[in-house]
Amino acid sequence: MTVPDHHPGAVAWLLLYPDTYEVGLPNQGLQILYEILNERPDAVAERSYAPWTDLAEVLRREGLPLFSVDTHRAARDFDVLAFNLSAELVYTNVLECLDLAGIPIRTAHRTDDDPLVLVGGHCAYNPEPLADFVDAAVLGDGEEVVGEITEVLAAWKAEGGGVRVDLHRRLATVAGVYVPSLYEVTFADGRLQGVRPSSETVEVVEKRTVADLADWPYPKQQLVPLTEVVHDRLNVEVFRGCTRGCRFCQAGMITRPVRERPAAQVRTMVADGLRRTGYDEVALTSLSTADFSGIEQVVAETVADDACGQVSVSLPSLRVDAFTVGIAAEIQKARRTGLTFAPEAGSWRMRQVINKLIREEDLYAAVESAYSQGWRRVKLYFLTGLPTETDQDTLGILEMARRCVEVGRQHLRNPSVTVSVGGFVPKPFTPFQWFGQNTEAELRRKVGILRDELKRDTKGYRGVQLKWHDPRATAIEGLLSRGDRRVGAVVEDVWRSGGVFQEWSEHFSLELWTAALERQGLTLEEMVYRHRTEDEAFAWDHLSAGLHRDFLWEDWRDALEAVGLEDCRWTPCYDCGACTGYGIEHVVASATPPAGGSQGTGQDLANGGEVPVLLTERPNQGQPVPVGGG
Amino acid sequence: MMRIRIRFHKKGKVRFVSHRDVARIWERAFRRAGIAVAYSQGFSPRQKLSFGLALSTGHESEAEFLEVELVDDRYRDQKTWEADRGLSPAMEVVEALNAALPIGMDVVAVAPIEKGDSLQQAVVACTWSIDVDDISREEAEAWVADVLSRAEIVVERERKGKPVIEDLRPHVHALGVTGATETGVRLTADLGTQPRALRPTELLVAVDPPLVARSVCRMNQWTSQGTDREEPLTAPVAPAPLAKVPA
C-alpha cells in the first residue's frame, strides 16, 4: 500500500463506514472512491470505521480522537468526512463518529474550520433524518462527483477559505449534491408539506449516473485486510443497475439503467485482481449476476485460468432457475455446501404484486438442480408484511419450503431448507413508497403463525428451519427509511441515550427509540404504519433518482391489482424516466434475454407479452407440482 | 514434490494479527508470489501448510516456522533446488515471498527438509525476550532470583472447564535480567514447551509481585537442549533482506 500523501494542495478526504471494520472494509463503493481520489494530484483519501463500544470508551477515557486506519491521522485534520450510508440503523453511529472526532454533530454548530461532513450511498436518497447533521448529501454514483467536489474544495482552500455558508452555496452548484441547510422544510397539522429552496439553488437535486462502467475499472487495487472480514474475497462488479422491476427493491429502482461492464474488462479485472491479492475466491457482483450477457463464458474462462491455483467463483445474487444453478455447478467444483435463492414471497399472486415473477416450477427446478448436483442445503429468502399480503400468502412460504425438502429427498436423506424471513420496509423512490408498513405487532404475529405452523406439523416440515429478522428493528428501519427532518431529533436523542450499533442485535434497543419518539411528539403510527395518499408530500420530493412520480404511482396501482411488468432491458420502454431524463441508455452486450428462467423477463413464458393468465392461479392446488420442468 | 521449512519474523503492528489470520496471509502470499504449493484432497481443498507452536496474539517473534510442500516445477526436487540461476532458488523463494508478505512479516531463511516430526512435537523450549516497564533493575533481579530459588511454582488453572494444579517451575529452564529499556528492564527466559508450552505471561503473574509485559518477543525455538542445542532452522541460511519493520 502506498502511503497517502498529504500536501497543502491536496483536499484530504476521510472516507468513513459507520460500522465495524469487519463489515465496512469490503464495501466496494468506499474502495472505489478511495482509489479514484488517491489517483488525483489534488486529493488524498484515507479510511476509518466505527470503533466498537470498548474502543470508543478507551478513546474517550484517554482523550484520543477518532483516527484514520491508514496513517492514524486525527479525523478532524481532514477537509472532508464522507460517510457511506448502506443501512438505516447505522445513523446513530454517524453521530458517534463525529463526536469521537471532536466535531459538532449539528451542522449549525460547526465553525468555518470544521471539516465538511458528507453522506452518500443508497440511504442518502432520503437524507432528511440526517439533514441537520450533514453539510451535504450526494446522490447516485460517486465516481465523477467526488472529483467535482474536490475541485470546489481545492479552489476554496486556495482562496484561503471563508464563511461556511458560502462553501455550502458553491457545493450546491455541483450536480448531485444536496445541501440541506439551503432548503426549508414546512409542516402543517403535524404533517410534512414540502422541502423547498430557502435561497437560490435548484428546486430538485438530480442523482449522478456514470454512463459507462467501462470508463471506471475500479477498484484496480482492492484492499486485502490482514484480519478476516465479511465477503473476504476479490469482488468484481459486472454491472450496475437492474431493470427486473421488483417493486420492493430500492436498489433496482435508483440505480437504473443497466450498465454492463465489457466482458473483456471483467476478465482482466478478475485475472489481475487474483494475482494482486492472492485471493482464491472471486465474486462477480451485481444485483442479478446471472443476467450478465455472456455470463457462462466469463465464468468458464475464469475457472479455466488457474494461474493462481484453485480459484472458486461465487455469484452472490443467484437467479431462481435451473440455468443459474448450472452456472453455479460449473464454477463451484468443490465446497458445495449451500445455495441461496430469494423467491421473496410465498404465493404467485404475491409475487405478481411485488413483480418478482418466479414460478414455483422455476424454484423447484432450481432446487432439484442444486440437490442433484451435490448441494446439501438450500436457503430461501422471503419478505413478509408486503402490500395486500394475507395469512395464506405468508403460510405459502412454508409450503414452498416443504416442497423444496421433498424435492431434496429424492437425492439426499436429510436435505435442509432454511427459510429466512425479513419484515418488509417500504423505501423511497419505489412503487411501494406509499404503502403503510406492517406494524411491529403485525409482523410479530406473522412470524408467529409461521412458527405455529411448523410446530403444528413437525413431521411434515422436517428439514425446514425458520429464521426471522427482529420486527422491532424493522419498525425503526421504516422510521429512518421514509422519515422527514423531524426524525433527526430522534436519532440524536437515541445516540445521546447511548444507542450506537443499532443494527447489532446485542445493542439494538426499541425502548430507546420509542422513548425518543415520544419526547419529540412523534409516533410510529403516523411516521411508518400509515398508508400515504397519491398527493402526499414525501421528504424526498426535492431529490430525484430520475424516476417519474407518476410512473411509480402507476406501478403501485398495478401492484395492487397484481399486474406484473416485464424487464425493460429486452422490451419497449415504460418511460420510468431514468434513461430519458439523463440522456443515457442501457449498456448491455446482448439484446436478447438470458436463457432459462422466467424470472421477470416474461419473454420465455409460453405466450409472451403480459404474464399468462393461466399462471395467475396456482395450478393443481394442493397437488405435488411436477419437478424438473420450466 | 519438495518439502521446505521457512523461518520468518513477525514484528511491529502485524503482531496483533491472530495465528489463524497469519495462516490466511501465508495462503495468499504463496499465490501472490506465484509459487505453486500442494493442496489437500477432498471436499474443501486447502494449501498444505503446517505451522509450529502458535504465537500468542500481540507477541512478536524472530523465530516462527512454517513447513510447506512445493509442487512448483522450479523447486520440485533436490536437483532443481541446487540449480544455479544466478540467484539461488532459496533466495528466489525468499524474495518472492517477502514481496508478497505484509510489512512486519519477513522470511529470513528457507531450506529443503525431509518429512519428520511435526514442529510442535520437535520443539522442546523457546527463548523469550520480555520487556517489563516501571521496575528497577534491582527489583527485577530480586524477582528473578525469587523465581529461580523456588523448588516449585504451583498454579491452578482451568483446562477444559476443570481446575488443574500445575507446577510451572520445571518449565523455567533459564531466566535472567539481560538489559535495560528506556522505561524498564528486559528479561530473557528459556521456557519449556513439552508437554505444554509455558507462556511468558503466565510466568510473570505466577510469582509476586506480578509483572506486566510491555512487549514480548520469541527469539528462538529449540529442538534440543544443552550447549549444542539446535533450532529448526537457523537464520540466515540464505542472506535475507533486512526486515522492513517500521519504527
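What follows is a short chat about a predicted model, going through the domains of one chain, a few of its strands and helices, and the contact between two chains.

Colleague: I'm new to this one, so let's start with chain A; which domains does the assignment give?
Modeller: Keeping in mind that this is a predicted model, the domain assignment of chain A gives domain 1 as residues 11–206, and domain 2 as residues 233–486 together with 522–582.

Colleague: What separates the centres of domain 1 and domain 2 of chain A, and how many residues does each put into the contact?
Modeller: Taken over C-alpha atoms, the centres of domain 1 and domain 2 of chain A are 30 Å apart, and the contact takes 25 residues from domain 1 of chain A and 24 residues from domain 2 of chain A.

Colleague: Which strands supply the side of domain 1 of chain A that touches domain 2 of chain A?
Modeller: At least two residues each come from β7 (183–188), β8 (191–197) and β9 (205–206) of chain A, and β8(A) gives the most to that side, with five residues. By class, the residues of the side of domain 1 of chain A that touches domain 2 of chain A are 14 nonpolar, five polar and six charged.

Colleague: And the open sheet in chain A, what is the order of its strands?
Modeller: The order of the three strands is β10-β13-β14 in chain A, and the pairing is parallel. Because β10 (234–237) and β14 (312–314) of chain A each have a single partner strand, they stand at the edges, and one side of each is left without a neighbour in the sheet. Neighbouring strands of this sheet are turned against each other by 25° on average, direction ignored.

Colleague: How many bridges are there between β13 and β14 of chain A, and what packs on the sheet?
Modeller: Strand β13 (residues 281–285) of chain A pairs with β14(A) over three bridges, and in β14(A) the bridge partner of A283(A) is S314(A). Helix α8 (residues 263–277) of chain A packs on the sheet, where it touches β10 and β13 of chain A, and its direction makes about 165° with that of β10(A).

Colleague: Switching to chain B, why is strand β3 described as largely enclosed?
Modeller: Strand β3 (residues 60–70) of chain B has eleven residues, and ten of the eleven are buried, so β3(B) is largely enclosed by the rest of the structure.

Colleague: Which strands are joined to β3(B) by bridges?
Modeller: Among them is strand β1 (residues 2–10) of chain B, which runs antiparallel to β3(B) and is joined to it by eight bridges, with F8(B) having E64(B) as its bridge partner in β3(B). Strand β2 (residues 49–51) of chain B is also antiparallel to β3(B), with three bridges, and L49(B) has V68(B) as its bridge partner. Strand β10 (residues 213–222) of chain B, by contrast, runs parallel to β3(B) and is joined to it by two bridges, and here E60(B) stands opposite C217(B).

Colleague: At what angle do helices α1 and α3 of chain B pack?
Modeller: Helix α1 (residues 19–33) of chain B and helix α3 (residues 89–100) of chain B pack at about 115°, with their axes 8 Å apart, and α1(B) passes α3(B) in a right-handed crossing.

Colleague: Which residues of α1(B) and α3(B) meet there?
Modeller: From α1(B), A29(B), R32(B) and A33(B) meet A96(B), L97(B), A99(B) and A100(B) of α3(B); by class, this contact has six nonpolar residues, no polar ones and one charged residue.

Colleague: Last thing, how many residues are in contact between chain A and chain B?
Modeller: There are 13 residues of chain A in contact with 16 residues of chain B, and the residues on the side of chain A that touches chain B divide into five nonpolar, five polar and three charged.

Key
Residues are numbered from 1 along each chain as its sequence is written. Chains are lettered from A and ligands numbered from 1 in the order in which they are written. This is a predicted model: local features need pLDDT of at least 70, side-chain atom pairs count only at pLDDT 80 or more; totals for chains, interfaces and linings use all residues. Axes are lines fitted to C-alpha atoms, for helices over the stretch in contact, and angles run from 0 to 180 degrees between N-to-C directions. Helices (H or I, at least four residues) and strands (E, at least two) are DSSP runs, numbered from the N terminus. A crossing is left-handed if the near helix is turned anticlockwise from the far one by less than a right angle, and right-handed if clockwise. Two residues are in contact if their C-beta atoms, placed from the backbone, lie within 7 Å. Ala, Val, Leu, Ile, Met, Phe, Trp, Tyr, Cys and Pro count as nonpolar, Asp, Glu, Lys and Arg as charged, and the others, Gly among them, as polar. Domain bounds come from an automatic or database domain assignment. A residue is buried if 20 or more other C-beta atoms lie within 10 Å of its own, exposed if 12 or fewer, and partly exposed in between; C-beta atoms are placed from the backbone. Two strands pair if DSSP finds at least two bridges between them.
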